[in-house]
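Me: Please give me a close look at the largest nonpolar core. I am new to this, so a friendly walk-through would help.

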Amino acid sequence: MTACAIEPSADPGNGGGPRADCSITAEGAYAARLARSGEGGDSWYPERWTLDGPEPYAVPLPGNQPEEPGTEVQPMGDGRVLVHRVAAGRHVFALLYPTGPGTGELPLGAVECPAEATGLRLLPPAPDGERAYALAAGTRSTVLWQVAGGAFGPERVAEIPGRCSGGVWLDRTGRILAVDRETGGRTKAVVVDLERGGEVSPLLQIAPDSDDRLLLADPDSGLVLIRSDAPSPGRQRLGWGVLGSTLPVRFPECLRLPDCVVTPFAVQPGQVLTPERCAVALRVDGAFGSWVGVWRPADRQVRHLPAPEGWLTGAGLWTPDGELRLPCSTPRSPCGVARLAAPDVPGTGGGGGGGGTGGELPEEPGEPGGPADPGNPEDSAPEDSASGGPGEPGEPGATDTSAAAPAPARPRPVPLQQAPLARLVTK
């Protein structure tokens, strides 16, 4: 058997965008990353961060030998850290935990990939914090593995036709998973029901010849962030929609930043009836480096903010009341969190509890600060024409969005409503 290759600098989990520097549990209590040590910083070891206490703190979890730079780490809900190593053509999984001055390690088993497989990678942390999953993509099909939380080591959950990437949880229980599936030269987001044997149904199909990927989803409000070339063939653009809504996907002009890669990495939870007021955190990579963008669907502009010093780039989470927390590490403060309040929604008199700090980053252990704002937060542009649509009529698994919402006994996302590309949406 041959090992599946892992590209350490890019993350297939967010549409091929840059990989985040750490992973955070769904509820935000723990984070994990690979940290450097040794002379010259060429030795790698897992590190767990505790974020839900009075002050954040880090616990190093070095093993018997340094880790490879491409090793994946993921925090679990109980504070242990899942580690994914590649050794001798096998993908080996273990749980790490502190034991006094040392590190305890619980082996979980290994997965062998067929020779034609192109990669095995961890999916984002499951909402329950007890399980962990991985995708092994092949040329004709993709295998979904449960690599932690099972009774007998790694368990094969489902085989999905097509080559799959991405990975977004659509509920709070860890039952409904969305992945981006490539078949016939096109990529479309589909839904995988883990309690129905990995049953697959369409989710995003904006145009027959478009590539439509799901990047983020908020289970509370139904807000989803997507990347698609439907409105601009040959060019990927960011858009948003709401699961179950009769409105099409919209592609705001303000999210088009020339010569920059824009990657959403966190959505404000708790906005059950107002998805347009959910604050979205954006990682922006450009000629000036990386910085933070803050945007809401109700806004017509992106607020550009300098990244705090030592930001673990691409990592962060929102609190329900609108505070963005960004993990940071500097030589003076190896474990810190910078806090940013979401700006108010114009004309509402409030930002969903976020307060109005004007984008200021207060002093925190992470030493916020950094380069000057690379963008003009006052720039705005009207929203672009919308496009929309899930599964084409008559397609297996396609849902009639005019019907009532699915019964609670079988929670399934409703595909986004179809709409012609020229339809104008003003809100």
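Reply: Accessible areas here come from the Shrake-Rupley method with a 1.4 Å probe. On that basis the protein chain exposes about 18,200 Å², and carbon and sulfur atoms supply 52% of it. This is a predicted model, in which local features need pLDDT of at least 70 and side-chain atom pairs count only at pLDDT 80 or more, while totals for chains, interfaces and linings use all residues. Residues are numbered from 1 along each chain, and side-chain values use heavy atoms, without hydrogens and water.

Of the chain's 427 residues, 54% count as buried (under 20% relative accessible area, 1.4 Å probe, protein chains only). The chain has 28 strands (DSSP runs of at least two residues) and zero helices.

Now to your core, a set of buried Ala, Val, Leu, Ile, Met, Phe, Trp, Tyr and Cys residues joined through side-chain atoms within 4.5 Å. The largest one holds 19 residues, and the members touching the most others are Leu223, Leu225, Leu255, Val267, Val280, Leu282 and Trp295. Strands E17 (212–217), E18 (223–228), E19 (237–242), E21 (261–267), E22 (280–286) and E23 (289–295) each supply at least two of its residues.

Let's zoom in on Leu223. Leaving aside residues up to four places away in sequence, Leu223 touches (heavy atoms within 4.5 Å) Leu216, Ala217, Asp218, Trp240, Gly241, Val267, Pro275, Cys278, Val280 and Pro297. A second, separate core has 17 residues, including Leu170, Leu214, Val249 and Phe251.

Finally, step back to the whole chain: among contacts between residues at least 6 apart in sequence, 49% join residues at least 24 apart.

Conventions
Buried means under 20% relative accessible area, exposed over 50%, partly exposed in between (1.4 Å probe, protein chains only). Helices (H or I, at least four residues) and strands (E, at least two) are DSSP runs, numbered from the N terminus.
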